[in-house]
Amino acid sequence: MTIKWTTLFALTATAPLFAGTVLIDAPFQKADELKAWGTYKEAQVKIDGGAEISLSKRASNPGTLGLNCGLPLAAIAGRRLKVTGEGRGENIEPPKEEWNGAKIQLNFTGGETEVWPQHAFATGSFDWTPFEFYANTPFVPRTARVNLGFEDSFGKVTFRNLKIEVADTYLNLASIANMGYKDEVEADDQGGWSDQGPENDAAKFKFKTRMFSNVPFVPADPDFNRGKAVVSFRSGNLPKGAESVTLDLRSAQVSANYLYLLHTLSFAKPDETAAGTITVTGTNGKQQKINLTPGTDIADWWEAKHLPNGHVGATWNTAGGTRVGLYTSKFKLDSDLGQLEKIAFTTVGGKAVWILVAGTLSDENYRFPR
(Lines give C-alpha, C1' and ligand atoms only; values in the text may rest on other atoms or scores of the structure.)
Protein backbone atom coordinates (compact mmCIF):
# COMPACT_ATOMS: atom_id res chain seq x y z
CA MET A 1 0.00 0.00 0.00
CA THR A 2 1.76 3.17 -1.20
CA ILE A 3 0.68 5.66 1.42
CA LYS A 4 3.80 6.30 3.51
CA TRP A 5 4.11 10.04 3.11
CA THR A 6 7.67 10.25 4.47
CA THR A 7 8.76 7.87 1.72
CA LEU A 8 6.84 9.85 -0.90
CA PHE A 9 8.32 13.17 0.19
CA ALA A 10 11.81 11.71 -0.09
CA LEU A 11 10.96 10.59 -3.62
CA THR A 12 9.61 13.96 -4.78
CA ALA A 13 12.62 15.80 -3.42
CA THR A 14 14.99 13.92 -5.72
CA ALA A 15 13.00 12.60 -8.67
CA PRO A 16 10.46 14.06 -11.11
CA LEU A 17 6.76 13.29 -10.80
CA PHE A 18 6.09 11.46 -14.01
CA ALA A 19 2.51 11.04 -15.13
CA GLY A 20 1.47 7.79 -13.53
CA THR A 21 3.33 8.46 -10.26
CA VAL A 22 1.19 6.69 -7.67
CA LEU A 23 0.25 8.63 -4.55
CA ILE A 24 -2.08 6.02 -3.06
CA ASP A 25 -2.21 2.33 -3.93
CA ALA A 26 -4.58 0.64 -1.49
CA PRO A 27 -5.82 -2.89 -2.26
CA PHE A 28 -7.46 -2.96 1.21
CA GLN A 29 -6.82 -6.68 1.70
CA LYS A 30 -4.94 -6.50 5.04
CA ALA A 31 -5.89 -4.92 8.35
CA ASP A 32 -2.56 -3.10 8.55
CA GLU A 33 -3.58 -1.00 5.54
CA LEU A 34 -6.16 0.80 7.68
CA LYS A 35 -3.52 2.20 10.07
CA ALA A 36 -2.79 5.10 7.73
CA TRP A 37 -6.45 6.17 7.69
CA GLY A 38 -8.51 8.08 10.21
CA THR A 39 -11.92 6.64 11.12
CA TYR A 40 -15.20 8.42 11.88
CA LYS A 41 -16.13 7.43 15.43
CA GLU A 42 -19.61 6.11 14.62
CA ALA A 43 -18.46 4.05 11.62
CA GLN A 44 -17.66 0.35 11.84
CA VAL A 45 -14.64 -0.42 9.67
CA LYS A 46 -13.02 -3.77 8.90
CA ILE A 47 -11.33 -5.68 6.08
CA ASP A 48 -13.75 -8.04 4.35
CA GLY A 49 -12.78 -8.35 0.69
CA GLY A 50 -11.90 -4.65 0.91
CA ALA A 51 -12.26 -1.75 3.35
CA GLU A 52 -15.82 -2.24 4.60
CA ILE A 53 -17.49 0.82 6.14
CA SER A 54 -20.81 0.49 7.95
CA LEU A 55 -23.08 3.18 9.38
CA SER A 56 -26.27 2.16 11.18
CA LYS A 57 -28.04 5.51 10.87
CA ARG A 58 -27.89 8.79 9.02
CA ALA A 59 -25.26 10.99 10.69
CA SER A 60 -25.94 14.59 11.60
CA ASN A 61 -22.34 15.58 10.91
CA PRO A 62 -21.65 17.23 7.53
CA GLY A 63 -19.16 15.75 5.08
CA THR A 64 -18.26 12.26 3.91
CA LEU A 65 -17.90 10.05 7.00
CA GLY A 66 -16.00 6.78 7.21
CA LEU A 67 -12.29 6.63 6.36
CA ASN A 68 -10.06 9.61 5.58
CA CYS A 69 -6.42 10.43 4.98
CA GLY A 70 -4.34 13.37 3.81
CA LEU A 71 -2.46 13.80 0.54
CA PRO A 72 1.02 15.39 0.36
CA LEU A 73 0.60 19.01 -0.72
CA ALA A 74 3.92 19.30 -2.54
CA ALA A 75 3.12 16.28 -4.69
CA ILE A 76 -0.39 17.32 -5.72
CA ALA A 77 -0.03 21.08 -6.32
CA GLY A 78 -1.34 22.07 -9.76
CA ARG A 79 -1.95 18.49 -10.85
CA ARG A 80 -4.70 16.53 -12.50
CA LEU A 81 -5.12 13.34 -10.50
CA LYS A 82 -6.60 10.08 -11.75
CA VAL A 83 -8.68 8.18 -9.19
CA THR A 84 -9.68 4.56 -9.79
CA GLY A 85 -10.96 1.65 -7.75
CA GLU A 86 -13.96 -0.58 -7.06
CA GLY A 87 -16.90 -0.31 -4.70
CA ARG A 88 -19.57 -2.67 -3.38
CA GLY A 89 -22.76 -1.63 -1.58
CA GLU A 90 -25.31 -3.21 0.71
CA ASN A 91 -28.61 -1.59 1.74
CA ILE A 92 -27.42 1.94 1.04
CA GLU A 93 -30.12 4.44 1.94
CA PRO A 94 -31.00 7.16 -0.57
CA PRO A 95 -29.70 10.65 0.33
CA LYS A 96 -31.73 13.83 0.00
CA GLU A 97 -29.41 15.09 -2.77
CA GLU A 98 -28.20 12.90 -5.65
CA TRP A 99 -24.56 13.88 -5.19
CA ASN A 100 -24.53 12.46 -1.66
CA GLY A 101 -24.81 8.87 -0.47
CA ALA A 102 -22.04 6.26 -0.44
CA LYS A 103 -19.01 7.75 -2.18
CA ILE A 104 -15.34 8.56 -2.48
CA GLN A 105 -14.66 12.26 -2.23
CA LEU A 106 -11.49 14.30 -2.47
CA ASN A 107 -11.37 17.70 -0.77
CA PHE A 108 -8.94 20.47 -1.67
CA THR A 109 -8.62 24.02 -0.36
CA GLY A 110 -6.33 26.66 -1.80
CA GLY A 111 -6.45 30.39 -2.33
CA GLU A 112 -10.08 31.38 -1.90
CA THR A 113 -11.52 28.16 -3.29
CA GLU A 114 -12.60 24.76 -2.01
CA VAL A 115 -13.50 21.86 -4.31
CA TRP A 116 -14.93 18.36 -3.73
CA PRO A 117 -14.36 16.10 -6.78
CA GLN A 118 -16.01 12.73 -6.16
CA HIS A 119 -17.74 9.58 -7.31
CA ALA A 120 -21.10 8.71 -5.72
CA PHE A 121 -22.44 5.14 -5.89
CA ALA A 122 -25.97 3.94 -6.53
CA THR A 123 -28.33 3.31 -3.63
CA GLY A 124 -29.55 -0.11 -2.52
CA SER A 125 -27.26 -3.11 -2.98
CA PHE A 126 -24.77 -3.80 -5.78
CA ASP A 127 -21.77 -6.02 -6.46
CA TRP A 128 -18.25 -4.78 -7.19
CA THR A 129 -18.48 -1.77 -9.49
CA PRO A 130 -15.43 0.00 -10.94
CA PHE A 131 -15.10 3.78 -10.75
CA GLU A 132 -12.80 6.29 -12.39
CA PHE A 133 -12.70 10.07 -12.23
CA TYR A 134 -10.22 12.94 -12.42
CA ALA A 135 -9.57 15.69 -9.92
CA ASN A 136 -7.91 19.06 -10.48
CA THR A 137 -5.93 20.41 -7.54
CA PRO A 138 -5.17 24.04 -6.59
CA PHE A 139 -1.81 25.47 -7.62
CA VAL A 140 -1.14 26.38 -3.98
CA PRO A 141 -3.13 23.88 -1.90
CA ARG A 142 -3.62 24.42 1.83
CA THR A 143 -5.30 21.10 2.56
CA ALA A 144 -5.89 17.88 0.61
CA ARG A 145 -7.85 14.88 1.87
CA VAL A 146 -9.41 11.64 0.63
CA ASN A 147 -12.71 10.60 2.21
CA LEU A 148 -14.44 7.21 1.86
CA GLY A 149 -17.88 6.50 3.26
CA PHE A 150 -21.28 8.15 3.55
CA GLU A 151 -22.77 11.63 3.39
CA ASP A 152 -26.44 12.00 4.35
CA SER A 153 -26.85 8.23 4.01
CA PHE A 154 -26.05 4.95 5.76
CA GLY A 155 -25.66 1.25 5.08
CA LYS A 156 -22.55 -0.70 4.09
CA VAL A 157 -20.02 0.22 1.40
CA THR A 158 -16.74 -1.55 0.65
CA PHE A 159 -13.73 -0.22 -1.30
CA ARG A 160 -10.86 -2.12 -2.87
CA ASN A 161 -7.97 -1.45 -5.28
CA LEU A 162 -8.07 2.29 -4.67
CA LYS A 163 -5.40 4.11 -6.66
CA ILE A 164 -4.68 7.83 -6.92
CA GLU A 165 -1.98 8.85 -9.38
CA VAL A 166 -0.64 11.93 -11.13
CA ALA A 167 -2.04 12.31 -14.66
CA ASP A 168 -1.05 15.82 -15.80
CA THR A 169 0.63 19.01 -14.57
CA TYR A 170 -0.94 22.40 -15.29
CA LEU A 171 1.13 25.51 -15.99
CA ASN A 172 0.35 28.23 -13.47
CA LEU A 173 0.11 31.39 -15.59
CA ALA A 174 -1.29 33.52 -12.76
CA SER A 175 2.12 34.80 -11.69
CA ILE A 176 3.10 35.93 -15.21
CA ALA A 177 -0.31 37.03 -16.57
CA ASN A 178 -0.43 40.65 -17.72
CA MET A 179 -3.95 40.93 -19.18
CA GLY A 180 -7.50 39.85 -18.39
CA TYR A 181 -10.21 38.41 -20.61
CA LYS A 182 -12.21 41.66 -20.65
CA ASP A 183 -11.03 44.95 -22.14
CA GLU A 184 -13.20 47.93 -21.28
CA VAL A 185 -11.28 50.65 -23.13
CA GLU A 186 -9.61 50.28 -26.53
CA ALA A 187 -5.93 51.20 -26.93
CA ASP A 188 -5.37 52.38 -23.35
CA ASP A 189 -2.37 50.08 -22.78
CA GLN A 190 -4.09 48.29 -19.91
CA GLY A 191 -7.11 46.11 -19.22
CA GLY A 192 -7.33 42.93 -21.19
CA TRP A 193 -6.82 40.65 -24.15
CA SER A 194 -5.40 42.48 -27.20
CA ASP A 195 -6.46 45.94 -25.99
CA GLN A 196 -9.05 46.27 -28.75
CA GLY A 197 -11.90 47.30 -26.46
CA PRO A 198 -15.14 45.58 -25.39
CA GLU A 199 -16.23 44.84 -28.97
CA ASN A 200 -13.20 42.58 -29.48
CA ASP A 201 -12.24 40.84 -26.26
CA ALA A 202 -12.67 37.46 -24.54
CA ALA A 203 -15.33 38.49 -22.06
CA LYS A 204 -17.55 35.63 -23.29
CA PHE A 205 -14.83 32.98 -23.12
CA LYS A 206 -15.93 30.23 -20.71
CA PHE A 207 -12.66 30.07 -18.80
CA LYS A 208 -14.02 27.68 -16.15
CA THR A 209 -14.22 24.92 -18.78
CA ARG A 210 -11.59 22.24 -18.09
CA MET A 211 -11.37 20.32 -21.41
CA PHE A 212 -10.49 21.90 -24.74
CA SER A 213 -10.04 19.69 -27.84
CA ASN A 214 -9.89 16.64 -25.53
CA VAL A 215 -6.98 18.18 -23.62
CA PRO A 216 -7.24 19.23 -19.94
CA PHE A 217 -6.36 22.86 -19.15
CA VAL A 218 -6.95 25.21 -16.22
CA PRO A 219 -7.17 28.81 -17.48
CA ALA A 220 -6.55 31.39 -14.77
CA ASP A 221 -9.47 32.97 -12.94
CA PRO A 222 -9.04 36.78 -13.02
CA ASP A 223 -11.31 37.19 -9.99
CA PHE A 224 -8.57 35.62 -7.86
CA ASN A 225 -5.60 37.22 -9.65
CA ARG A 226 -6.06 40.99 -9.64
CA GLY A 227 -8.01 40.82 -12.90
CA LYS A 228 -5.12 39.17 -14.79
CA ALA A 229 -5.52 35.82 -16.56
CA VAL A 230 -3.53 35.60 -19.83
CA VAL A 231 -0.15 36.58 -21.25
CA SER A 232 -0.50 39.00 -24.18
CA PHE A 233 2.83 39.46 -25.93
CA ARG A 234 4.35 42.59 -27.36
CA SER A 235 3.85 43.40 -31.03
CA GLY A 236 3.46 46.38 -33.27
CA ASN A 237 -0.20 46.40 -32.26
CA LEU A 238 0.46 45.91 -28.55
CA PRO A 239 3.72 47.75 -27.82
CA LYS A 240 3.42 47.34 -24.05
CA GLY A 241 2.79 43.61 -24.14
CA ALA A 242 5.20 41.07 -22.65
CA GLU A 243 8.49 40.55 -24.48
CA SER A 244 9.26 37.24 -22.79
CA VAL A 245 8.00 35.34 -19.74
CA THR A 246 9.49 32.36 -17.92
CA LEU A 247 7.82 29.76 -15.73
CA ASP A 248 10.07 28.21 -13.07
CA LEU A 249 9.18 24.51 -12.86
CA ARG A 250 11.74 23.37 -10.30
CA SER A 251 9.22 23.12 -7.47
CA ALA A 252 6.84 21.17 -9.70
CA GLN A 253 9.34 18.27 -9.95
CA VAL A 254 7.89 17.32 -13.32
CA SER A 255 8.91 15.45 -16.46
CA ALA A 256 6.65 15.09 -19.50
CA ASN A 257 6.43 13.83 -23.07
CA TYR A 258 4.20 16.64 -24.36
CA LEU A 259 3.55 20.33 -23.88
CA TYR A 260 0.01 21.47 -24.73
CA LEU A 261 -0.92 25.12 -25.20
CA LEU A 262 -4.26 26.91 -25.40
CA HIS A 263 -3.60 30.17 -27.25
CA THR A 264 -4.43 32.40 -30.21
CA LEU A 265 -3.33 35.39 -32.31
CA SER A 266 -4.87 38.78 -32.91
CA PHE A 267 -4.02 41.10 -35.83
CA ALA A 268 -2.47 38.11 -37.67
CA LYS A 269 -2.05 38.42 -41.43
CA PRO A 270 -1.83 35.54 -43.95
CA ASP A 271 1.84 36.27 -44.64
CA GLU A 272 2.93 35.88 -40.97
CA THR A 273 5.79 33.36 -40.79
CA ALA A 274 6.53 33.31 -37.04
CA ALA A 275 4.61 34.13 -33.87
CA GLY A 276 6.97 33.24 -31.05
CA THR A 277 9.35 30.72 -29.56
CA ILE A 278 9.09 28.32 -26.65
CA THR A 279 12.30 27.27 -24.92
CA VAL A 280 12.09 24.26 -22.61
CA THR A 281 15.05 23.67 -20.29
CA GLY A 282 15.76 20.56 -18.22
CA THR A 283 17.51 20.56 -14.86
CA ASN A 284 20.38 18.80 -16.67
CA GLY A 285 20.96 21.93 -18.76
CA LYS A 286 19.59 20.51 -22.01
CA GLN A 287 17.28 22.76 -24.05
CA GLN A 288 14.65 22.39 -26.73
CA LYS A 289 13.53 25.38 -28.80
CA ILE A 290 10.10 25.26 -30.42
CA ASN A 291 9.14 27.75 -33.11
CA LEU A 292 5.49 28.72 -33.15
CA THR A 293 4.35 28.75 -36.78
CA PRO A 294 1.23 30.65 -37.94
CA GLY A 295 -0.98 28.53 -40.17
CA THR A 296 0.33 25.33 -38.54
CA ASP A 297 0.24 25.76 -34.77
CA ILE A 298 -1.80 28.93 -34.43
CA ALA A 299 -3.67 31.58 -36.44
CA ASP A 300 -5.82 34.66 -36.01
CA TRP A 301 -8.72 34.29 -33.61
CA TRP A 302 -11.29 35.69 -36.06
CA GLU A 303 -13.23 32.90 -37.80
CA ALA A 304 -10.87 30.30 -36.31
CA LYS A 305 -10.49 27.07 -38.29
CA HIS A 306 -8.65 23.83 -37.53
CA LEU A 307 -4.93 23.72 -38.39
CA PRO A 308 -2.44 20.84 -38.74
CA ASN A 309 -1.32 21.38 -35.12
CA GLY A 310 -3.93 23.85 -33.93
CA HIS A 311 -7.33 22.40 -33.15
CA VAL A 312 -10.01 24.99 -32.39
CA GLY A 313 -10.65 24.32 -28.71
CA ALA A 314 -13.03 27.16 -27.83
CA THR A 315 -15.20 29.60 -29.75
CA TRP A 316 -17.53 32.46 -28.88
CA ASN A 317 -19.07 35.54 -30.43
CA THR A 318 -17.59 38.88 -29.43
CA ALA A 319 -19.81 41.79 -28.45
CA GLY A 320 -19.11 43.07 -31.96
CA GLY A 321 -20.67 39.90 -33.44
CA THR A 322 -17.52 38.21 -34.74
CA ARG A 323 -16.99 34.46 -34.26
CA VAL A 324 -13.57 33.99 -32.63
CA GLY A 325 -11.63 31.15 -31.07
CA LEU A 326 -8.63 29.63 -29.33
CA TYR A 327 -6.31 26.91 -30.63
CA THR A 328 -5.06 23.82 -28.84
CA SER A 329 -1.52 22.89 -29.94
CA LYS A 330 0.61 19.86 -29.05
CA PHE A 331 4.41 19.82 -28.96
CA LYS A 332 6.50 16.66 -28.44
CA LEU A 333 9.24 17.21 -25.88
CA ASP A 334 12.72 15.72 -26.26
CA SER A 335 13.18 12.70 -24.03
CA ASP A 336 16.64 13.80 -22.89
CA LEU A 337 15.27 16.92 -21.18
CA GLY A 338 14.49 14.81 -18.12
CA GLN A 339 13.12 16.76 -15.19
CA LEU A 340 12.08 20.22 -16.35
CA GLU A 341 13.57 23.39 -14.89
CA LYS A 342 11.74 26.12 -16.79
CA ILE A 343 9.76 27.11 -19.87
CA ALA A 344 10.28 30.48 -21.56
CA PHE A 345 7.79 32.03 -23.99
CA THR A 346 9.13 34.80 -26.24
CA THR A 347 7.49 36.91 -28.92
CA VAL A 348 9.09 37.52 -32.30
CA GLY A 349 7.75 41.07 -32.30
CA GLY A 350 5.82 41.35 -35.63
CA LYS A 351 2.33 42.75 -35.99
CA ALA A 352 0.37 39.81 -34.56
CA VAL A 353 -0.41 39.67 -30.83
CA TRP A 354 0.24 36.21 -29.37
CA ILE A 355 -2.11 35.49 -26.45
CA LEU A 356 -1.28 32.57 -24.17
CA VAL A 357 -4.29 31.33 -22.19
CA ALA A 358 -3.22 28.02 -20.58
CA GLY A 359 -0.70 25.19 -20.74
CA THR A 360 -0.44 21.55 -19.67
CA LEU A 361 2.46 19.12 -19.35
CA SER A 362 1.59 15.45 -19.83
CA ASP A 363 2.90 12.05 -20.80
CA GLU A 364 -0.43 11.41 -22.53
CA ASN A 365 -0.67 11.77 -26.31
CA TYR A 366 -4.12 13.34 -26.34
CA ARG A 367 -5.93 13.04 -29.66
CA PHE A 368 -7.81 16.04 -30.98
CA PRO A 369 -11.43 15.44 -32.04
CA ARG A 370 -11.92 14.64 -35.71
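The following paragraphs describe the nonpolar cores, strand pairing and largest pocket of a predicted model. In this predicted model, local features need pLDDT of at least 70 and side-chain atom pairs count only at pLDDT 80 or more, whereas totals for chains, interfaces and linings use all residues. Residues are numbered from 1 along each chain as its sequence is written, and side-chain values use heavy atoms, with hydrogens and water left out.

The largest nonpolar core (a set of buried Ala, Val, Leu, Ile, Met, Phe, Trp, Tyr and Cys residues joined through side-chain atoms within 4.5 Å) comprises 39 residues. Here, buried denotes under 20% relative accessible area, exposed over 50%, and partly exposed in between, with a 1.4 Å probe and protein chains only. Ile104, Val146, Leu148 and Leu162 touch the most other members of this core. Its greatest contribution, five residues, comes from strand E12 (residues 155-170); strands (E, at least two residues) are DSSP runs numbered from the N terminus. Apart from this core lies another of 37 residues, including Ile176, Leu247, Tyr327 and Leu337. Leaving aside neighbours within four places in sequence, the contacts (heavy atoms within 4.5 Å) of leucine 162 include Ile24, Phe28, Trp37, Ile104, Phe131 and Leu148.

An open sheet of four strands follows the order E16-E22-E18-E19 with antiparallel pairing, two strands being paired if DSSP finds at least two bridges between them. Strand E16 (244-248) and strand E19 (287-292) stand at the edges with a single partner strand each, so one side of each lacks a neighbour in the sheet. The twist from one strand to the next averages 15°, based on axes that are lines fitted to C-alpha atoms and on angles from 0 to 180 degrees between N-to-C directions. Within the sheet, strands E18 (residues 276-282) and E22 (residues 340-347) run antiparallel and are joined by seven bridges; glycine 282 stands opposite leucine 340 in E22.

Strands E3 (residues 44-47) and E4 (residues 51-55) also pair in the antiparallel sense, over four bridges, with valine 45 opposite isoleucine 53 in E4. The two strands form a hairpin with three residues between them, and glycine 49 in the turn has a positive phi of about 80°. Glycine 50 lies in the loop between E3 and E4 and counts as buried at 0% relative accessibility. Beyond neighbours within four places in sequence, glycine 50 is in contact with Phe28, Gln29, Thr158, Phe159 and Arg160.The largest pocket is lined by 26 residues, with Thr113, Pro138, Phe139, Val218 and Phe224 nearest its centre. A pocket is an open set of points on a 1 Å grid over the protein atoms alone where a 1.4 Å probe fits, with protein on both sides within 12 Å along at least five of seven lines; lining residues have an atom within 4 Å of a point.
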